[in-house]
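This report offers a reader new to the structure a careful account of its cysteines, its charged pairs and one tryptophan. The sequence and the model are shown below.

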Amino acid sequence: MSTATGGAFGAGKAGAPFDPLQYIKRPQVILRAVSSLFAIIVFGCISSKAWYAHACIMNRDDNACGYGTGIGVLAFLICIGFLIVDAFFENLSSVQHRKYAVLADLGISGLWTFLWFVGFCYLTDAWRKTDKGSMEATHGKDNVQAAIAFSFFSIFTWGAITFFAVRRYRMGAQEAFASGYDQDPNASSPYSSFPGSDTGDPYQQPPFSQQKEVPDYQQPTY
């Protein structure tokens, strides 16, 4: 099994001590923390006052409230999960395991960027169709507008997380390509020289090609 002894996918060497200060300075960690805060605001606002008399105040579309709450809760849990992965990422000694973690980050972050975009459009359209003068709309107007606004902000934070995941994956792919094709200048030739060679030339003339000198012929006397 290959090990990440020299660092891979933008991380340091495996087994390095955990540095909390460096951890919280990572762009991915900051973005995940902000995204988790936005997710709390979205599902918190919808859960608290987006429902009135057991009905969603956004055009009485229960699916709109359910969608906003669902992606908000899942986004929060995903952020917490990947914050833990980021904390232990450098301790993953296997390059293959690091690759799986980066690919999971890339796929899920890209998916949630799309889902937040859909959620923002869905909630905005449902609120646009709502009768603003009704008691239901007045009851939770500020909460719904906050949920819509932070759904919009979440598109950019998750998009940025996806960008960093793509960059980390490309970095790991380039390192794997370079390590696979770099040749060791100190590597010995696979062709050994003939025994007894003092010149170091692995392609010297074989000993069997040298012929013994034939002695001069002398005519016999009678």
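C79 is buried in this predicted model, because its relative accessible area is 1%, and the limit for a buried residue is under 20%. C45 is buried as well, with a relative accessible area of 14%. For C56 the relative accessibility is 1%, so this residue also counts as buried, and C65 is buried with a relative accessible area of 0%.

Which cysteines are joined by a disulfide? The bond runs from C56 to C65, with a distance of 1.9 Å from S to S, and the count of disulfides in the model comes to 1. The link of C56 and C65 is right-handed, with 70° about the S-S bond.

The charged side chains come next. Side chains of opposite charge can pair when their charged atoms come close. How many salt bridges does the model hold? The count comes to 7 salt bridges, and the table sets out some of these pairs with the distance between nitrogen and oxygen.

| Salt bridge | N to O distance |
|---|---|
| D105 and R32 | 2.8 Å |
| E136 and R60 | 2.7 Å |
| R168 and D105 | 3.5 Å |

In the salt bridge between D105 and R32, the closest N and O atoms are 2.8 Å apart. This pair links distant parts of the chain, since D105 belongs to helix α4 (residues 95-128) and R32 to helix α2 (residues 27-49), with their positions 73 residues apart in the numbering. Both residues of the pair, D105 and R32, are buried.

The salt bridge between E136 and R60, at 2.7 Å from N to O, also connects distant parts of the chain: E136 is found in helix α5 (residues 135-181), whereas R60 sits in the loop between β2 (55-56) and α3 (62-88), and the two are 76 residues apart. Are the two partners buried or exposed? E136 is buried, with a relative accessible area of 18%, while R60 has a relative accessibility of 57% and therefore counts as exposed.

R168 forms a salt bridge with D105, and here the closest N and O atoms are 3.5 Å apart. Because R168 lies in helix α5 and D105 in helix α4, this pair ties together parts that are 63 residues apart in sequence. R168 counts as buried at 11% relative accessibility, and D105 counts as buried at 0%. D105 thus appears both in the pair with R32 and in the pair with R168, and a network of salt bridges links R32, D86, D105 and R168.

The last residue to be described is a tryptophan. W116 lies in helix α4, and because its relative accessibility is 0%, W116 counts as buried. Which residues is W116 in contact with, leaving aside its neighbours within four places in sequence? The contacts of W116 are A39, V42, I71, G72, A75, S151, S154, I155 and W158, with those sequence neighbours left aside. For one of these residues, S154, a further distance is available: the C-alpha atoms of W116 and S154 are separated by 6.5 Å, although the two residues are 38 residues apart along the chain.

Notes
Residues numbered from 1 in each chain as written. Predicted model: local features only at pLDDT ≥ 70, side-chain atom pairs only at ≥ 80, totals over all residues. Heavy atoms only, no water. Disulfide = S-S within 2.5 Å. Buried < 20%, exposed > 50% of the residue type's maximum accessible area, 1.4 Å probe, protein only. Salt bridge = Lys/Arg side-chain N within 4 Å of Asp/Glu carboxyl O. Helix = DSSP H or I, 4+ residues; strand = E, 2+ residues; numbered from the N terminus. Contact = heavy atoms within 4.5 Å.
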